[in-house]
Amino acid sequence: MTTVPLGSEFLLIRGERSFLLVGKAGSRFPLCIETPDEEYCLAVDPDDLVVVSMPEGGPVEQARMMLELVRRYHIPLVVLGKDHPGTKRLSMVVSVAPEILLACDIRRGTHPEQHLLCSSAELSGLSLAGIPGGVAIRQLPFGVVMEHLETENSSADKQQ
């Protein structure tokens, strides 16, 4: 197990072709999960993790925006049905939980249980857990690079 300090900044975990962006929830809030059949809400705690997975890679800024939509603005998460055609077009998926396991054998956007998150094969099996002051990482694949990214304040935040 590796423990990495993490406060309000993000942790970028990058493989050769894909990446994860990890942030702490930072506050307690309800998060609604919208499934094809129901809506339910989770209680999110400050040390819970918000993780954005981009299995084919892409712009880190896009993942940063998605993470902040969940963390700062508490946007609901949408779970698609297993046969929904939109699952083929999802470039990123999000999970919010105290502990998150990455798996490459689940269909993107269809798994309502927040402890599982779709990833690329190179990051599959990785486990992340929010702990006070950081994140505990298990099964870190060889060759993965980690770096801290500072959060960027929006223009509205800068004016305050």
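Where do arginine 71 and glutamate 68 lie, and how many residues apart are they? Both are in helix α1, 3 residues apart, or about one turn of the helix.

The model is predicted, so local features need pLDDT of at least 70 and side-chain atom pairs count only at pLDDT 80 or more, while totals for chains, interfaces and linings use all residues. Residues are numbered from 1 along each chain as its sequence is written, and side-chain values use heavy atoms, with hydrogens and water left out.

**Stop 1: helix α1**

Select residues 60-71, which form α1. Helices (H or I, at least four residues) and strands (E, at least two) are DSSP runs, numbered from the N terminus. The end C-alpha atoms of α1 are 16 Å apart, which agrees with the 16 Å that its 12 residues should span at 1.5 Å a residue. The expected span of a helix is 1.5 Å times one less than its number of residues.

Within α1, next select Val60, Ala63, Arg64, Leu67, Glu68, Val70 and Arg71, which are buried. These residues cover an arc of only 160° around the axis, which puts them on the same side of α1. The arc is that of the directions from the helix axis to the C-beta atoms. Here buried means under 20% relative accessible area, exposed over 50%, and partly exposed in between (1.4 Å probe, protein chains only).

**Stop 2: the salt bridges**

Keep glutamate 68 and arginine 71 selected and show their side chains. They meet in a salt bridge with an N to O distance of 3.3 Å. A salt bridge is a side-chain nitrogen of Lys or Arg within 4 Å of a carboxyl oxygen of Asp or Glu. Side chains of opposite charge can pair when their charged atoms come close.

Add arginine 72, whose side chain meets that of glutamate 68 in a salt bridge of 3.2 Å, N to O. Salt bridges that share partners join Glu68, Arg71 and Arg72 into one network. Glutamate 68 counts as buried because its relative accessibility is 10%, and arginine 71 is buried as well. Arginine 72, at 30% relative accessibility, counts as partly exposed.

For another pair, select glutamate 16 and arginine 17, whose side chains form a salt bridge at 3.4 Å, N to O. Both of these residues are exposed. By the salt-bridge rule, the count comes to 6.

**Stop 3: the loop after α1**

Move to the loop between α1 and β7, where histidine 74 lies. Which sign does phi of histidine 74 have? The value is positive, near 55°, in a residue other than glycine. Most residues other than glycine have a negative phi, and most peptide bonds are trans. Histidine 74 is partly exposed because its relative accessible area is 30%. Select arginine 14 as a second point: histidine 74 and arginine 14 are 60 residues apart in sequence and 25 Å apart in space, C-alpha to C-alpha.

Isoleucine 75 is also found in the loop between α1 and β7 (77-78). At 35% relative accessibility, isoleucine 75 counts as partly exposed. Select it together with Leu69 and Tyr73: the three form a nonpolar patch on the surface, with about 270 Å² of accessible area together. Patches are made of residues with over 30% relative accessible area and no salt bridge; like charges are joined within 9 Å, and nonpolar side chains (Val, Leu, Ile, Met, Phe, Trp, Tyr) within 5 Å. Accessible areas come from the Shrake-Rupley method with a 1.4 Å probe, and for residues only the protein chains shown count as cover.

**Stop 4: strand β12 and the loop that follows**

Select valine 135 in strand β12, residues 134-138. Is valine 135 buried or exposed? It counts as buried, because its relative accessibility is 0%. Add leucine 11: valine 135 and leucine 11 are 124 residues apart in sequence, and their C-alpha atoms are 9.2 Å apart in space.

Continue to glutamine 139, in the loop between β12 and β13 (145-149). Phi of glutamine 139 is near 60°, a positive value in a residue other than glycine. Glutamine 139 is exposed, with a relative accessible area of 62%.

**Stop 5: the loop between β5 and β6**

Select aspartate 47, found in the loop between β5 (39-44) and β6 (49-54). With a relative accessible area of 31%, aspartate 47 is partly exposed. Aspartate 47 and serine 27 are 20 residues apart in sequence and 7.9 Å apart in space, C-alpha to C-alpha.

**Stop 6: the cysteines**

How many disulfides does a search of the whole structure find? The search finds 0 disulfides, a disulfide being a pair of cysteine sulfur atoms within 2.5 Å. Select cysteine 118, which is in no disulfide; the nearest cysteine sulfur, that of cysteine 104, is 7.8 Å away. Cysteine 118 is buried, with a relative accessible area of 6%.
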